[in-house]
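Here is a short briefing to read beside the structure. Keep the viewer open and pick out the residues as they come up.

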Amino acid sequence: MITYKAGDCDVAVVGAGHAGIEAALACARLGLDTMLFTLSLDAVGNMPCNPAIGGTGKGHLVYEIDALGGEMGYAADRVTLQSRILNPGKGAAVHSKRVQADRMAYRTYMKSLLERTANLSLRQAQVTDINFEDIGNGRKRAVGVTTSLGAVFGAKAVIIATGTYLASRTITGEAIEIAGPDGMTSAGKLPESLARTGMRLMRFKTGTPPRIHADSIDFSKLEVQHGDSEIIPFSSRTPEDAFVGMKQIDCHIAYTNGKTHEIIRKNLDRSPLYSGVIHGTGPRYCPSIEDKVVRFADKTRHQLFVEPCGADTKEIYLQGFSSSLPEEVQTEMLRSIVGFENARIMRTAYAIEYDCADPTQMYATLEFRDFESLYGAGQFNGTSGYEEAAAQGLIAGINAAMKIKGGEPVALTRDSSYIGTLIDDLVTKGTSEPYRIMTSRSEYRLLLRQDNADARLTPIGHRVGLVDDERYEKFLKKQELIRSEISRAESTFFSPSQVNGLLVGMGLSPAGGGVRLADLLRRPQIGWKDLAGIDVGRSPGVTAAIGRSVTVELKYEGYIKRELAEVARNAKLEAKRLIPGTDYTKITGLRIEAGQKLTAMQPLNVGQASRISGVSPADISVLLVWLASADRGQTEKKEDGRE
């Protein structure tokens, strides 16, 4: 193919899904000339799977993206159809916000924003090659990209955020197409190019359920799922009263039944999952309906969520009904469900296989170890979900910008964020299936709540330049109000006559004497809003969000202190830096497997080394002894004047 020099940029971002959008916005907002490539301008910010943002663990990621200066949370607030806090009956650590989003409105908002952002060029083109130059020791540096039309663009950094488009094929029964999500073009040449460089690729699979015309569903036979009466925004940029008076769209719940399951079992021989047609590994926590019927044969029914795709469309998404069975079987299955007897499919369900990179090839900055200035983000890194993708895109974008500008890179820790947990899991443990964040993945989840995401990460967003001074000043005032309210709560007392009416009215035991405001808030049954009638000393600047943070800090004070102590203990291992380029196979006492894996992955510190699969506690003990010996050797050299 004849190529031509088409231009230069600072950063080239390949893919304009949720990861690519955050990466490109971060780079452009930090002043870098950024080019964002997409296979189709009509697929920018697409939601090929569920029309929702947030969920268990995922909601935490969205709050963290916003705290760092990303866009997803604010965009989700603008297109919310319904909002709910999941796990409301459990502790604050696992409260997770999820919104039904208007799919088309989200795409429109994001595309318009990209088009209006300074320093950012949006271009429809298929990138077929990442261009490299050799830098010695078997390493290469990314210096640009080449498109299918022969255009060569020079770049100082490249971010790959290709989603599920690499060598993708969609599968519905016996029908197999070389295509990406929603019938888009598959990108077949780029993975071939990456494989030639020596990059390790994996083959994963995901899927999506059918979309059904709303007028063909009998909603009177389904359970109604209302939104929360109070909507808490994702973004600190969204006013707290933005949703007051908003009419939310209802979602519904349906169930499969014995007839549905019998239809599935009868047609398993036509299922690509069981006939050997699908080779990629699918997501553990979002299996297809045929997989659920086989794996959970004792279940008489499975719950399905009936969700609107937008305010101006009749498309309904049937979450939990993902399938790759033939189209006619899908129709029969669907019409066996109560309320769906006359259902009309608008989009047929399909499975999709695609290539992605082994994330253990990357640093915690998401830069490839053997390919300098090349970064990976999103499903290209083996994850699933819009939120996981956006979080990685933001970090990759920040670090590409910091590398070019000579700034300090951002490598978030497990105790700082779910984003840090997500990336640490990927680069140290890797993944053998599409990775999904969950609150259970974090050992510090009481510290990593939704309500304090800004306290944990906004200073970092301000340091790198994505949170402006005005927003940062508002953040500082909020933190000061939280501290002053906690102090006031500890020193404010109420008499029995002031509080007993409230307590008895809530079905609680009356107070026998004076009681502190802090102790009232520590009671499990009492929240900030419950005390509004008697707590007249509140500052006018104390919002509902501040009140929630104050309440959580007081209720879980003892547990929070315990987790902070655990963080301090583990920080000692994280502080023990390892020597880049070490050949760990030569360290006496390390098991062969540990030596090989440590040499291949080159962890930054002992803490990270301890989380690598195949490295045992005994190996870490050997590593600590070796490190202490190496430190003594360096000290002796200096004392002898040999350095």
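The notes below cover aromatic contacts, backbone angles and surface charge.

Please keep in mind that this is a predicted model. The structure holds 8 aromatic pairs, and two of them are described here along with an aromatic cluster. After that come two residues with positive phi, Asn-137 and Asp-182, and a negative surface patch that includes Asp-469.

**Aromatic pairs**

- Among the 8 aromatic pairs in the structure is the one made by Phe-37 and Phe-153, whose ring centres are 5.3 Å apart with planes at 65 degrees, so this pair is edge-to-face.
- Phe-37 sits in strand β2 (residues 34–38) and Phe-153 in strand β9 (residues 151–160), so their pairing ties together parts that are 116 residues apart in sequence.
- Phe-37 is buried, because its relative accessible area is 1% and the cut-off for buried is under 20%.
- Phe-153 falls into the buried class too, with 3% relative accessibility.
- Tyr-74 and Tyr-109 also make an edge-to-face pair, because their planes stand at 65 degrees, with the ring centres 6.4 Å apart.
- This tyrosine pair links distant parts of the chain, since Tyr-74 belongs to helix α3 (residues 72–78) and Tyr-109 to helix α4 (residues 103–116), 35 residues apart.
- Buried or exposed, what are Tyr-74 and Tyr-109? Both are buried.

**Aromatic cluster**

- Four phenylalanines, Phe-132, Phe-368, Phe-371 and Phe-380, come together as one aromatic cluster.

**Positive phi outside glycine**

- Asn-137 is not a glycine, yet its phi is positive, at about 55 degrees.
- You will find Asn-137 in the loop between β7 (127–136) and β8 (139–147).
- Asn-137 is exposed, because its relative accessible area is 81% and exposed means over 50%.
- Asp-182, another residue other than glycine, has a positive phi near 55 degrees.
- The loop between β11 (175–177) and α5 (189–196) is where Asp-182 is found.
- How does Asp-182 rank for exposure? With a relative accessible area of 24%, Asp-182 is partly exposed.

**Negative surface patch**

- Which residues form the negative surface patch? They are Asp-468, Asp-469, Glu-470 and Glu-473.
- Asp-469, one of these patch residues, is part of helix α13 (residues 469–491).
- Asp-469 counts as exposed, because its relative accessibility is 56%.

Key:
Residues are numbered from 1 along each chain as its sequence is written. This is a predicted model: local features need pLDDT of at least 70, side-chain atom pairs count only at pLDDT 80 or more; totals for chains, interfaces and linings use all residues. Side-chain values use heavy atoms; hydrogens and water are left out. Patches are made of residues with over 30% relative accessible area and no salt bridge: like charges are joined within 9 Å, nonpolar side chains (Val, Leu, Ile, Met, Phe, Trp, Tyr) within 5 Å. Accessible areas come from the Shrake-Rupley method with a 1.4 Å probe; for residues, only the protein chains shown count as cover. A salt bridge is a side-chain nitrogen of Lys or Arg within 4 Å of a carboxyl oxygen of Asp or Glu. Lys and Arg count as positive and Asp and Glu as negative; His and the chain ends are not counted. The place of a charge is taken as NZ of Lys, CZ of Arg, CG of Asp or CD of Glu. Helices (H or I, at least four residues) and strands (E, at least two) are DSSP runs, numbered from the N terminus. Buried means under 20% relative accessible area, exposed over 50%, partly exposed in between (1.4 Å probe, protein chains only). Rings of Phe, Tyr and Trp (its six-membered ring) pair if their centres lie within 6.5 Å; planes under 30 degrees apart count as stacked, over 60 as edge-to-face and the rest as tilted.
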